[in-house]
Amino acid sequence: MAMKAEETVSLDHQKFLPKKEINVGGVQCKLINDGVFSLLRKQTKTPDDFLKNFVWQLDKGGGKGGAKMAFTRNMRYIVKELTGGDATYLKRHAQAIVEHCTSRKSFMSRILAHFVGPKKVQYMAMAAVIPNVKDSAWNEIYDLKGNRDDKILTRSGQSVRVVFSNLVQ
């Protein structure tokens, strides 16, 4: 059952209200599905102002999708630009993604906010958890965000061809 933005949600018996806007580097941005994503912020003890010092200088990311992205100054969070297809997918499947991440141990990146930024471009902010992909100690590394482009990045230290999959159905 989807929640409305103004509904109170609860985690660990603490009630709180989801936000309508978030300050991202001095820009007030409209939040999308915050009644859902605020649960992950609460669970990970992420303050609501975690993006207030973000610097709006996004570059093509190191991932296979090539979307623009940037780390926060403290390197704890990533802001990633969403394409139309990814933005639509995230809107439709936010509830399932958050339920998956909060109900069990999961390796999926914690998406902490989905918002509309400057020029009406959509972004997501997530916890930065990807290890050094050049480290050969990792047998396989996956890009797991719960969106439509989940994929394996490396296998046995070698890059792997993009295969689109859909973990949340």
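Begin by selecting strand 6 and strand 7 in this predicted model, where three bridges join the two strands in an antiparallel arrangement. Within this pair, Phe71 has Ile78 of strand 7 as its bridge partner. The two strands form a hairpin with five residues between them, and Met75, which sits in the turn, has a positive phi of about 65°.

Keep strand 7 (residues 77-81) selected and display the surroundings of its side chains: four of its five residues are buried, so the strand is largely enclosed by the rest of the structure. Add strand 9 next, since strand 7 and strand 9 also run antiparallel and are joined by five bridges. One place to look along this pairing is Tyr77, which stands opposite Ala127 in strand 9.

Now return to strand 6 (residues 68-71) and add strand 5, which pairs with strand 6 in the antiparallel sense over two bridges. Here Lys60 can be found opposite Lys68 of strand 6.

With these strands in view, widen the selection to the sheet, which is open, consists of seven strands in the order 3-4-8-9-7-6-5, and has antiparallel pairing. Its edges are strand 3 (21-24) and strand 5 (59-60), each of which has a single partner strand, so that one side of each is left without a neighbour in the sheet. Helix 1 packs on the sheet, where it touches strand 4 (27-31) and strand 8, and its direction makes about 145° with that of strand 8.

Select helix 2 next, which covers residues 84-103, 20 residues in total, and reaches 28 Å from its first C-alpha to its last, close to the 28 Å expected at 1.5 Å a residue. Centre the view on His93, where helix 2 bends by about 65°. Helix 2 lies across strand 8 and strand 9, running at about 120° to strand 8. Which residues of helix 2 are buried? They are Asp86, Ala87, Tyr89, Leu90, Ala94, Ile97, Val98 and Cys101. These buried residues pack against helix 1 (34-43), strand 8 (111-116) and strand 9 (122-127).

From there, select the cysteines Cys29 and Cys101. Cys29 is buried, with a relative accessible area of 1%, and Cys101 is likewise buried, with a relative accessible area of 1%. A disulfide is a covalent bond between the sulfur atoms of two cysteines, and the structure holds zero disulfides.

Follow the chain on from helix 2 to Arg110, which is placed in the loop between helix 2 and strand 8. Is Arg110 buried or exposed? With a relative accessible area of 17%, Arg110 counts as buried, because the cut-off for that class is under 20%. Leaving aside residues up to four places away in sequence, Arg110 touches Leu40, Gln43, Thr44, Cys101, Arg104, Ala125, Met126 and Ala127. Two of these names have already come up on the tour: Cys101 is among the buried residues of helix 2, and Ala127 is the residue of strand 9 that stands opposite Tyr77.

For the last stop, select Gly25 in the loop between strand 3 and strand 4. At 29% relative accessibility, Gly25 counts as partly exposed. Show Trp56 as well, since the C-alpha atoms of Gly25 and Trp56 are separated by 6.8 Å while the two residues are 31 residues apart along the chain. Apart from residues up to four places away in sequence, the contacts of Gly25 are Leu51, Lys52, Asn53, Phe54 and Trp56.

How values were computed. Residues numbered from 1 in each chain as written. Predicted model: local features only at pLDDT ≥ 70, side-chain atom pairs only at ≥ 80, totals over all residues. Heavy atoms only, no water. Expected span 1.5 Å × (residues − 1). Bend = angle between axes of the 7 residues up to and from the residue. Buried < 20%, exposed > 50% of the residue type's maximum accessible area, 1.4 Å probe, protein only. Contact = heavy atoms within 4.5 Å. Disulfide = S-S within 2.5 Å. Pairing = 2+ DSSP bridges. Axes fitted to C-alpha atoms, helices over the stretch in contact; angles between N-to-C directions.
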